[in-house]
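Visitor: Please give me a close look at one part of this protein, namely its interior.

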Amino acid sequence: MKKLPFETETAAEAQWFKAAVSYGKRLSSLFFNPDLQWSQKLKEISRQRIMLFMSKINVGVIGVGQMGTYHAQIYQKLPQVELCALCEFNDSRRKELETEFPGITLYKDYKELLKDTAIEALSIVLPDNLHREAVELAVQAGKHIILEK
C-alpha cells in the first residue's frame with residue numbers, strides 16, 4: 001500500500017515534510033504580495049529554497065540537565081540541525097558532557113555562548129526563575145529561541 005505524504009517512517013522525514021509545508025505557505029504569500037515585482041518574487045523564492053534544502057541551523061542548548069540533554073540528543077538526530085554548543089553551570093556535569101557530546105563547544109556562562117555569532121537558535125532549558133534574563137539577552141543577541149517550561 002502506498003504511503004501518504006504525512007505517513008512518514010522517521011522523525012527526520014516528518015521534520016522534512018513540515019518544513020516543505022511551511023515553505024509552501026511562504027511561497028503562496030510571496031505570489032499574492034502586490035508590492036513585489038516578479039523578479040523580486042523569484043529571487044526570494046530561490047533564496048528560500050537554498051535556505052530550506054541546503055543549510056543547517058546552528059543551535060545551542062543552555063541548561064543541560066534532564067530536559068536539556070533530551071534537547072541536545074534530538075538536535076543531533078535532526079538532519080537540518082547542527083548542535084554547536086552546550087552551556088552548563090555545574091562543573092561536574094560539564095565534565096560529563098565532554099564525553100556525552102564530544103566535539104561540542106561547552107560553556108559555563110550562557111552570556112559567553114550568546115556572543116557566538118555562528119549560533120542561530122537556542123533551547124533555553126533553565127529553571128523558571130532564570131528564564132527572563134536568559135531570554136532577554138538571547139533576543140538582544142538576535143537568536144531564535146525555544147523556551148522549555
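Guide: Helices and strands are read here as DSSP runs, numbered from the N terminus: a helix is a run of H or I with at least four residues, and a strand is a run of E with at least two. This is a predicted model, in which local features need pLDDT of at least 70 and side-chain atom pairs count only at pLDDT 80 or more, while totals for chains, interfaces and linings use all residues. Residues are numbered from 1 along each chain as its sequence is written, and side-chain values use heavy atoms, with hydrogens and water left out.

The protein contains 6 helices and 5 strands, and these follow one another along the sequence in the pattern α-α-β-α-β-α-β-α-β-α-β. Of its 149 residues, 31% are buried, a term for a relative accessible area under 20%, against over 50% for exposed and in between for partly exposed (1.4 Å probe, protein chains only). Where residues at least 6 apart in sequence are in contact (heavy atoms within 4.5 Å), 49% of those contacts join residues at least 24 apart.

The interior is best entered through its largest nonpolar core, which has 14 residues. Such a core is a set of buried Ala, Val, Leu, Ile, Met, Phe, Trp, Tyr and Cys residues joined through side-chain atoms within 4.5 Å. Those with the most contacts inside this core are V59, V61, A72, Y75, L83, L86 and F101. Strand β1 (57–62), helix α3 (66–77) and strand β2 (81–87) each supply at least two of the core residues, and β2 gives the largest share, with 3. Neighbours further than four places away in sequence that V61 touches include H71, A72 and Y75, as well as L83, A85, L113 and V125. Separate from this core is a second one of 13 residues, among them Y110, L113, I119 and L126.

Residue A85 deserves a closer look. A85 belongs to strand β2 and counts as buried because its relative accessible area is 0%. From A85 to V61 the distance is 6.5 Å, C-alpha to C-alpha, although 24 residues separate them in sequence. Beyond four places in sequence, A85 also touches V59, G60, I104, T105, Y107, L113 and I119.

A138 lies in helix α6 (residues 131–140). A138 likewise counts as buried because its relative accessible area is 0%. Its C-alpha is 9.0 Å from that of A121, with the two positions 17 residues apart in sequence numbering. Apart from neighbours within four places, A138 is in contact with L114, L122, I124, K143 and I145.

Polar side chains can be followed as well. A polar contact is a pair of N or O atoms within 3.5 Å; within protein, one must be able to donate a hydrogen and the other to accept it, and residues adjacent in sequence count only if both atoms are side-chain atoms. In strand β1 stands N58, whose side chain reaches the backbone oxygen of A118 at 3.1 Å. Among the residues beyond four places that N58 touches are E82, C84 and I119.

R93, in helix α4 (residues 91–100), counts as buried because its relative accessible area is 15%. The side chain of R93 reaches the backbone oxygen of V64 at 3.0 Å, and another polar contact, of 3.0 Å, joins it to the side chain of E96. Beyond four places in sequence, R93 touches V64, G65, T69, E88 and E100.
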